[in-house]
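Hi,

Here is the structure I promised to pass on to you. Please open it alongside this message, and keep it in view while you read.

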Amino acid sequence: MVGAVGLRTYIWNNLWKSALLLAGFPALLAVLGFGLALLLASAQARGFGDGVREALRSLPWILGLSLLAAAAWFGIAWRFSDRLMDWASGAHPVTRKQEPRLWNALETLCIARGLPMPRLAVIESGARNAFAAGLRPGAASVTVTRGLMDALDDRELTAVLAHELTHIRNGDARLGLIAAVFAGIIGLVADMVLRGTGRVRYRSSPGRREGGGNAALALAGLALIALAWGLAVVLRMALSRNREFLADAGAVALTQDPDAMIGALRKVEGHSAMPEVPRQVRALFLDDEEGALGGALMATHPPIAQRIAALVRFAGGRDPGPLAPPEPPAAEPPW
């Protein structure tokens with residue numbers, strides 16, 4: 001994959017990554033299906049070679065069903081991606097009448113830059129976070145938590161919304177949605193199979209001539225299923241951590257207010273954890289404390305301190321420093 005050296009190159013790079021992920025989805029399904037075929041064959045085959053041949057005879061069916069399943073799942077994602085993300089994150093759509101402050105701030109940004117108005121949704125959580133998702137700009141959505149709205153002032157809220165609009169414009173929202181929806185279903189199926197087979201005891205039957213061969217066949221099937229699961233996890237790495245730096249810069253370009261973006265990040269810092277949301281969806285968030293750990297290879301987000309340092313250095317923002325935690329309420333006297 002060609003590295004992104006500019007904004008236009010970065011957007012094209014995201015487009016190519018999205019296409020490759022979509023093409024790779026039926027391939028991952030085929031790997032998963034062939035692993036299941038090996039597992040089923042291990043229960044009946046007379047030996048390793050016999051089981052492999054039996055699984056290979058089912059390969060045309062596996063490939064055909066993988067293509068059909070991928071097409072059906074893509075159609076569902078294309079039509080109902082917003083509902084899928086609402087279900088996964090616990091969000092609900094809102095109107096101008098329900099959330100006038102949020103709606104007006106986003107609409108003003110869209111009008112100023114000639115961008116289509118995304119669908120708005122809110123997660124009723126005290127955590128401070130937000131994300132954007134959508135397969136195309138005309139059908140994208142921006143979701144924020146109640147805790148974020150309550151904690152930020154109007155300037156800071158506008159900066160976060162500009163950050164999410166930048167994700168939509170740059171193609172991060174599309175790439176993240178594809179990784180979340182498609183990798184999520186692969187990971188779910190593989191995890192269910194691996195957990196289920198972990199409870200199964202393989203026994204020899206009188207008709208088998210090679211008990212060891214059948215055990216090897218089952219292990220080969222489990223290895224392929226684990227490979228599909230591992231590749232689904234690796235799909236999260238398609239989300240470059242640089243996307244957050246670029247979205248922060250895009251928010252400054254839209255609002256001309258680097259201090260507002262810095263202030264928002266400081267208020268989000270330490271308050272963004274939402275462990276109840278699936279990991280694939282958290283990769284889309286404004287911040288994910290768990291996703292900022294694990295080193296450069298596995299991390300999905302850069303640390304907030306690095307993002308603020310970049311805004312100070314390149315956008316001329318002023319960092320007030322980490323915010324002091326609120327003092328606990330004083331205990332009432334017993335009398």
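Below is what I found, starting with the whole chain and then going through some helices, a loop and a cavity.

**The chain as a whole**

One thing to keep in mind from the start is that this is a predicted model. The chain has 335 residues, and 46% of them are buried. Its secondary structure consists of 13 helices and 4 strands. How much of the contact network joins distant parts of the sequence? Among contacts between residues at least 6 apart in sequence, 72% join residues at least 24 apart.

**Helix α3, at one residue**

I looked at a single position here, S66, which sits in helix α3 (residues 59-89). S66 counts as buried because its relative accessibility is 5%, and the cut-off for buried is under 20%. Leaving aside neighbours within four places in sequence, S66 is in contact with P26, L29 and A30.

**Helix α4, with two sides**

Helix α4 covers residues 100-113, which is 14 residues. From its first C-alpha to its last it reaches 20 Å, close to the 20 Å expected at 1.5 Å a residue. Which residues of α4 are buried? They are L102, W103, A105, L106, L109 and C110. These buried residues lie on the same side of α4, because they cover an arc of only 165° around the axis. On the other side of the helix, T108, I111 and A112 are exposed.

What do the buried residues of α4 pack against? Their partners are two strands, β2 (119-123) and β4 (141-145), together with the helices α5 (146-151), α6 and α9 (242-255). After α4 comes G114, which has a positive phi, near 65°.

**The loop between α9 and α10**

Two residues of this loop are worth a look in your viewer, Q256 and D257. Q256 has a phi near 55°, a positive value in a residue other than glycine. Is Q256 buried or exposed? It is exposed, since its relative accessible area is 62% and the cut-off for exposed is over 50%.

D257, by contrast, counts as buried, at 18% relative accessibility. Not counting residues up to four places away in sequence, D257 touches R155 and V252. The C-alpha atoms of D257 and G316 are 9.6 Å from each other, while the two residues are 59 residues apart along the chain.

**Helix α10, covered throughout**

How many residues of α10 are buried? The count is 11 of 11, so this helix is mostly covered. The buried residues run from P258 and D259 through to K267 and V268, and charged side chains such as R266 are among them. The elements that cover the buried residues of α10 include α5, α6, α9 and α13 (304-315). Following α10 is G270, with a positive phi near 80°.

V268 belongs to this helix, which spans residues 258-268. Its relative accessible area is 0%, so V268 is buried. Setting aside residues up to four places away in sequence, V268 touches R128, L148, L286, D287 and I304. V268 and A130 are 138 residues apart along the chain, and their C-alpha atoms are separated by 10.0 Å.

**The cavity**

How many cavities of 30 Å³ or more does the structure hold? There is 1, and the largest cavity has a volume of about 60 Å³. It is lined by 10 residues, and those closest to its centre are A132, H167, D172, R243 and L284. Two elements give two or more residues to this lining, namely α6 (154-170) and α7 (172-197). Of the elements, α7 gives the most, with 3 residues.

What kinds of residue line the largest cavity? The lining divides into 5 nonpolar, 2 polar and 3 charged residues.

**Where to look**

If you have time for a few views, I would pick these. In α4, compare the buried residues, including W103, with the exposed ones, including T108. Then go to the loop between α9 and α10 and set exposed Q256 beside buried D257. Finish with the residues closest to the centre of the largest cavity, among them H167 and D172.

Best wishes

Note on methods: Residues numbered from 1 in each chain as written. Predicted model: local features only at pLDDT ≥ 70, side-chain atom pairs only at ≥ 80, totals over all residues. Heavy atoms only, no water. 1 Å grid on protein atoms, 1.4 Å probe; cavity = no way out; pocket = protein on both sides within 12 Å on 5 of 7 lines; lining within 4 Å. Points joined across faces, edges and corners; volume = space filled by probe spheres on them. Expected span 1.5 Å × (residues − 1). Buried < 20%, exposed > 50% of the residue type's maximum accessible area, 1.4 Å probe, protein only. Arc of directions from axis to C-beta. Contact = heavy atoms within 4.5 Å.
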